[in-house]
Amino acid sequence: MGKIGIKIAVICLFCLTAVCLVSATDYVDPVCNMSGKIDANTSFASFNHTIYYFCSPMCKEEFEKNPEKFLDIDKNTTAVDPVCKMNVDIATANVTTTFEGTTYYFCKTMCKDQFEADPLKYIGTIDPVCGMNVDADTSVSSDYNGSTYYFCSEACKQAFDADPDKYLK
């Protein structure tokens, strides 16, 4: 029984040490690019022997569907197809459309056709901070300049509320 007690104490000491060490560490969520401090409630996932941290379980879930989509992406040269959420290289994109003054990039003509049939279905329910598709009926929202914007999490809503124009470019 003494050995079991020692193992438990070592494990508990390790856990306490690990929590203390990571609680002061910063992270950047690879899905929405929000930063935060790692604590015991921070969502995380491992990919290619690296641990990634997330602002919400929804960002973690989105990452786990396709981790490569969110890693090493230059936001100035890529766009997210609003229909299928694939990353599209802006420089080589040959399927685009413009709606209300904004150019949208698509991975293929089928996505463009779906978008053009009902653009608000896709852009009306995309979180402007992280690009995730959200359900307008159940997500948090903010009103800005006469429009309502929907978010996957309270963290994305707070980032938007702090600087809406940053996310509406």
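The legends below walk through several close-up views of a predicted model of one protein chain.

**View 1. The whole chain, as a starting point.** Before zooming in, here is the overall inventory: the protein chain folds into six helices and ten strands. Of its 169 residues, 34% count as buried. The chain exposes about 10700 Å², and carbon and sulfur atoms supply 55% of that area. Among contacts between residues at least 6 apart in sequence, 32% join residues at least 24 apart.

**View 2. Where the predictor is confident, and where it is not.** The mean pLDDT over the protein chain is 77, and 80% of the residues score at least 70. Helix H3 (residues 109-117) has the highest confidence, at 92, while helix H1 (residues 2-22) has the lowest, with a mean of 37. Residues 1-24 have a pLDDT below 50, and beyond near neighbours in sequence this stretch makes five contacts in the model. Please keep these values in mind when looking at the N-terminal helix H1.

**View 3. Two salt bridges along helix H2.** The structure holds five salt bridges, and this view shows two that sit in helix H2 (residues 57-65). Lys 60 pairs with Glu 64, at an N to O distance of 3.9 Å. These partners are four residues apart, about one turn of the helix. Both are partly exposed, because their relative accessible areas, 26% for Lys 60 and 46% for Glu 64, fall between the 20% and 50% limits. The second pair is Lys 65 with Glu 62, whose closest N and O atoms are 3.5 Å apart. Here the spacing is three residues, again about one helical turn. The two ends of this bridge differ in their surroundings: Lys 65 is exposed at 59%, whereas Glu 62 is buried at 15%.

**View 4. A salt bridge in helix H5.** Lys 157 and Asp 161 form a salt bridge, with 2.7 Å between the closest N and O atoms. Both belong to helix H5 (residues 154-162), four residues and about one helical turn apart. Which end of the bridge is buried, Lys 157 or Asp 161? Lys 157 is buried, with a relative accessible area of 17%, while Asp 161 is partly exposed at 38%.

**View 5. The largest nonpolar core.** In soluble globular proteins, nonpolar side chains tend to be buried together. The largest core in this model has 22 residues, and Phe 63 and Cys 156 have the most contacts inside it. Strand S3 (43-47), strand S4 (50-54), H2 and H5 each supply at least two of the core residues. H5 gives the most, with four. Zooming in on Cys 156, and leaving aside neighbours within four places in sequence, we find contacts with Cys 32, Met 34, Asp 127, Val 129, Cys 130 and Phe 151.

**View 6. Phe 99 and a second core.** A separate core of eight residues includes Val 83, Val 95, Phe 99 and Cys 111. Phe 99 is found in strand S7, and its relative accessible area of 19% makes it buried. Not counting residues up to four places away in sequence, Phe 99 touches Tyr 104, Phe 115, Pro 119, Leu 120 and Ile 123. One of these contacts is a useful landmark: Ile 123 lies 24 residues from Phe 99 along the chain, and their C-alpha atoms are 9.8 Å apart.

**View 7. The hairpin of strands S7 and S8.** Strand S7 (residues 96-99) and strand S8 (residues 102-105) run antiparallel and are joined by four bridges. Within this pairing, Thr 98 stands opposite Thr 103 in S8. Two residues separate the strands of the hairpin, and Glu 100 in the turn has a positive phi of about 50°.

**View 8. Asn 145, a backbone worth a second look.** Most residues other than glycine have a negative phi, and most peptide bonds are trans. Asn 145 is not a glycine, yet it has a positive phi of about 50°. Where does Asn 145 lie? It is in the loop between strand S9 (140-144) and strand S10 (147-151). At 67% relative accessibility, Asn 145 counts as exposed.

Methods:
Residues numbered from 1 in each chain as written. Heavy atoms only, no water. Salt bridge = Lys/Arg side-chain N within 4 Å of Asp/Glu carboxyl O. Buried < 20%, exposed > 50% of the residue type's maximum accessible area, 1.4 Å probe, protein only. Pairing = 2+ DSSP bridges. Core = buried A, V, L, I, M, F, W, Y, C linked by side-chain atoms within 4.5 Å. Contact = heavy atoms within 4.5 Å. pLDDT = per-residue confidence, 0-100. Areas by Shrake-Rupley, 256 points an atom, 1.4 Å probe, with all protein chains shown as cover.
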